[in-house]
Amino acid sequence: MTNPFKPHALDMFAKRDTVDQALAYASDLINTFEGGNKAAAWTALMVVVNTAAAVWPEAPAQEPDLSDLGALRSRIAALEERLSPEALSQDISSQACAWLDDNFNERADQWLNDEADLDDKIETWVENNLDIENEVADALRDKVYDTVRRVIRDEVSVSISL
């Protein structure tokens with residue numbers, strides 16, 4: 001039987017001596033993430049772990065009887081079917097759908113609450129950064145100043161007699 005993970009391995013990444021060491025490394029790395037990123041990383045890792053656990057063949061209790069090649073071929077075909085890309089994809093899709101079913105309402109409530117927080121944040125920012133009364137007063141003062149200066153320049157004449 002071929003290793004179902006081998007085609008997906010990339011030499012640019014390190015590897016560990018045992019699965020436990022690899023999971024400990026992944027855990028250490030994921031625990032550096034914040035908020036939803038941590039949950040998404042754990043979900044992705046655990047989908048791979050659960051899929052591997054489900055498709056990894058159990059060691060036979062005893063050596064197979066090689067005298068019955070038909071039974072052995074049948075067992076190999078069954079394992080290849082379980083490890084096919086289609087079967088793995090379907091298993092991952094069903095797990096993702098189950099996760100969405102379990103978590104959608106909670107996520108929707110969080111999003112709606114975040115939306116209310118967003119309105120509060122916008123209102124606070126406007127109050128702190130857009131003082132309309134001062135803006136209007138400054139604009140009026142500038143307009144009055146410009147008008148008075150124009151009137152003095154255009155309308156008032158000064159004559160000096162000696």
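From the N terminus on, the elements of the protein chain in this predicted model follow the order α-α-α-α-α. The chain thus reads simply at the level of secondary structure, with five helices and zero strands. Among contacts between residues at least 6 apart in sequence, 50% join residues at least 24 apart.

Turning to the surface, buried residues account for 9% of the 162 residues in the protein chain. The accessible surface amounts to about 14200 Å², and carbon and sulfur atoms contribute 57% of that area.

The pockets come next. The largest pocket encloses about 1400 Å³ of space. Its lining is made up of 26 residues, and those closest to the pocket centre are F5, A14, K15, A22 and V48. Two helices deserve a mention here: α1, spanning 19–30, and α2, spanning 35–55, each supply at least two residues of this lining. The largest share comes from α1, with seven residues. By residue class, the lining of the largest pocket divides into 19 nonpolar residues, three polar residues and four charged residues.

Charged side chains also lead to the last feature of this account. A search of the whole structure returns one salt bridge. The partners are R141 and D142, whose side chains meet with an N to O distance of 3.8 Å. That pair qualifies because the distance falls within the 4 Å allowed between a side-chain nitrogen of Arg and a carboxyl oxygen of Asp. As for the setting of the acidic partner, D142 has a relative accessibility of 41%. D142 therefore counts as partly exposed, since this value lies between the 20% limit for buried residues and the 50% limit for exposed ones.

Key
Residues are numbered from 1 along each chain as its sequence is written. This is a predicted model: local features need pLDDT of at least 70, side-chain atom pairs count only at pLDDT 80 or more; totals for chains, interfaces and linings use all residues. Side-chain values use heavy atoms; hydrogens and water are left out. Buried means under 20% relative accessible area, exposed over 50%, partly exposed in between (1.4 Å probe, protein chains only). On a 1 Å grid over the protein atoms alone, a cavity is a set of points where a 1.4 Å probe fits but cannot get out, and a pocket is an open set with protein on both sides within 12 Å along at least five of seven lines; lining residues have an atom within 4 Å of a point. Grid points are joined across faces, edges and corners, and a volume is the space filled by probe spheres set on the points. Helices (H or I, at least four residues) and strands (E, at least two) are DSSP runs, numbered from the N terminus. Ala, Val, Leu, Ile, Met, Phe, Trp, Tyr, Cys and Pro count as nonpolar, Asp, Glu, Lys and Arg as charged, and the others, Gly among them, as polar. Contact means heavy atoms within 4.5 Å. Accessible areas come from the Shrake-Rupley method with a 1.4 Å probe; for residues, only the protein chains shown count as cover.
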